[in-house]
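Please open the structure in your viewer and keep the selection panel within reach. The stops below say what to select next and what is there.

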Amino acid sequence: MLRSMQDHTSPGKSGLPKAHAACALVCFAGALVTGLDWPTPAPQHAAVMMPALVIWGIAVLYQFLLAAGHLRTSILDHQHLFSSSHYERQSDLGWIVANVVVLVVVALFYVQRSNSIPILTGQTTTLVALLVTSLVSLAIWSIRWKLTPRKPKAAS
């Protein structure tokens with residue numbers, strides 16, 4: 001993959017290294033907050049402990065991966081290392097879709113209220129952390145996707 005990347009400083013491609021670095025910090029903080037939001041079921045809801053642990057683990061892992069993706073992109077953008085526009089846009093779109101899926105899942109957990117495993121196990125902090133990190137990340141990836149040219153510039 002590094003072979004396909006090039007030092008490209010022309011105005012046709014731009015990155016958001018500082019925005020991605022800030023978002024990486026937000027996502028990392030979200031992962032830490034989520035990691036500390038251990039599921040604590042009431043005795044009457046002990047049957048939901050295993051699903052709660054799975055949801056908790058996925059939430060922590062997702063936010064760490066999100067932070068890593070933003071950090072990687074920040075470093076590459078700072079060094080003006082870009083792949084083809086097509087690849088960059090596909091990558092951005094993949095992150096956008098992942099964030100939208102997480103936001104939909106969080107919304108579904110809130111809609112279920114008393115039947116929601118994270119709410120039954122007192123993990124509202126996890127849901128808020130996922131909401132915040134996904135919204136911030138979605139904004140950054142969407143801006144980057146919008147700034148990336150649709151078609152590569154023709155060579156002169």
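A crossing of two helices is called left-handed if the near helix is turned anticlockwise from the far one by less than a right angle, and right-handed if it is turned clockwise. With that in mind, note before starting that this is a predicted model.

**The whole chain**

Begin with the chain in cartoon view, where the secondary structure comes to 5 helices and 2 strands. Followed from the N terminus on, the elements run in the order β-α-α-β-α-α-α. If you colour by accessibility, buried residues make up 37% of the 156 residues in the chain.

**Helices α1, α2 and α5**

Select helix α1, residues 17-36, together with helix α5, residues 124-147. The axes of α1 and α5 come within 9 Å and cross at roughly 165 degrees. Angles over 145 degrees count as roughly antiparallel, so α1 is roughly antiparallel to α5. As for the handedness defined above, α1 passes α5 in a left-handed crossing.

Now add helix α2, residues 49-78, which packs against α1 at an angle of about 160 degrees, with the two axes 8 Å apart. That angle makes α1 roughly antiparallel to α2, and the crossing of α1 and α2 is left-handed.

Hide α1 for a moment and look at the remaining pair, α2 and α5, whose axes are 11 Å apart and pack at an angle of about 25 degrees. Angles under 35 degrees count as roughly parallel, and α2 and α5 are therefore roughly parallel to each other. Here, too, the crossing is described as left-handed, with α2 passing α5.

**Arginine 144 and its partners**

Side chains of opposite charge can pair when their charged atoms come close. By the salt-bridge rule applied to this model, the count comes to 3 salt bridges. Which acidic side chain from helix α2 meets arginine 144 in a salt bridge? Show side chains and select aspartate 77, whose side chain meets that of arginine 144 with an N to O distance of 3.0 Å. This pair links distant parts of the chain, since aspartate 77 lies in helix α2 and arginine 144 in helix α5, 67 residues apart. Aspartate 77 and arginine 144 are both buried.

Next, select glutamate 88, which forms a salt bridge with arginine 144 at 2.8 Å from N to O. Glutamate 88 belongs to helix α3, residues 85-112, and is 56 residues from arginine 144 of helix α5, so that this pair likewise links distant parts of the chain. Both glutamate 88 and arginine 144 are buried.

Then add aspartate 92, whose salt bridge with arginine 144 has its closest N and O atoms 2.8 Å apart. Aspartate 92 is in helix α3 and arginine 144 in helix α5, with their positions 52 residues apart in the numbering. Are these two residues buried or exposed? Buried means under 20% relative accessible area; arginine 144 counts as buried because its relative accessibility is 3%, and aspartate 92 counts as buried because its value is 0%. With the side chains displayed together, you can see that salt bridges sharing partners join Asp77, Glu88, Asp92 and Arg144 into one network.

**A nonpolar patch on the surface**

Switch to a surface view and select Val26, Tyr110, Val128, Val132 and Val136, which form a nonpolar patch with about 330 Å² of accessible area together. The largest share of this patch, 3 residues, comes from helix α5. Valine 132 is found in that helix, and valine 132 counts as partly exposed because its relative accessibility is 41%, a value between the 20% and 50% cut-offs.

**Two last stops**

Return to the cartoon and select threonine 124, which has its place in helix α5 and is partly exposed, with a relative accessible area of 37%. If you also select proline 39, which is 85 residues from threonine 124 along the chain, the C-alpha atoms of the two residues are separated by 9.8 Å.

Finally, select histidine 80, which is found in the loop between α2 and β2, the latter spanning 81-82. Although histidine 80 is not a glycine, its phi is positive, at about 60 degrees. Its relative accessibility is 37%, and histidine 80 therefore counts as partly exposed.

Technical notes
Residues are numbered from 1 along each chain as its sequence is written. This is a predicted model: local features need pLDDT of at least 70, side-chain atom pairs count only at pLDDT 80 or more; totals for chains, interfaces and linings use all residues. Side-chain values use heavy atoms; hydrogens and water are left out. Patches are made of residues with over 30% relative accessible area and no salt bridge: like charges are joined within 9 Å, nonpolar side chains (Val, Leu, Ile, Met, Phe, Trp, Tyr) within 5 Å. Accessible areas come from the Shrake-Rupley method with a 1.4 Å probe; for residues, only the protein chains shown count as cover. A salt bridge is a side-chain nitrogen of Lys or Arg within 4 Å of a carboxyl oxygen of Asp or Glu. Helices (H or I, at least four residues) and strands (E, at least two) are DSSP runs, numbered from the N terminus. Buried means under 20% relative accessible area, exposed over 50%, partly exposed in between (1.4 Å probe, protein chains only). Axes are lines fitted to C-alpha atoms, for helices over the stretch in contact, and angles run from 0 to 180 degrees between N-to-C directions. Angles under 35 degrees count as roughly parallel, over 145 as roughly antiparallel, 65 to 115 as roughly perpendicular and the rest as oblique.
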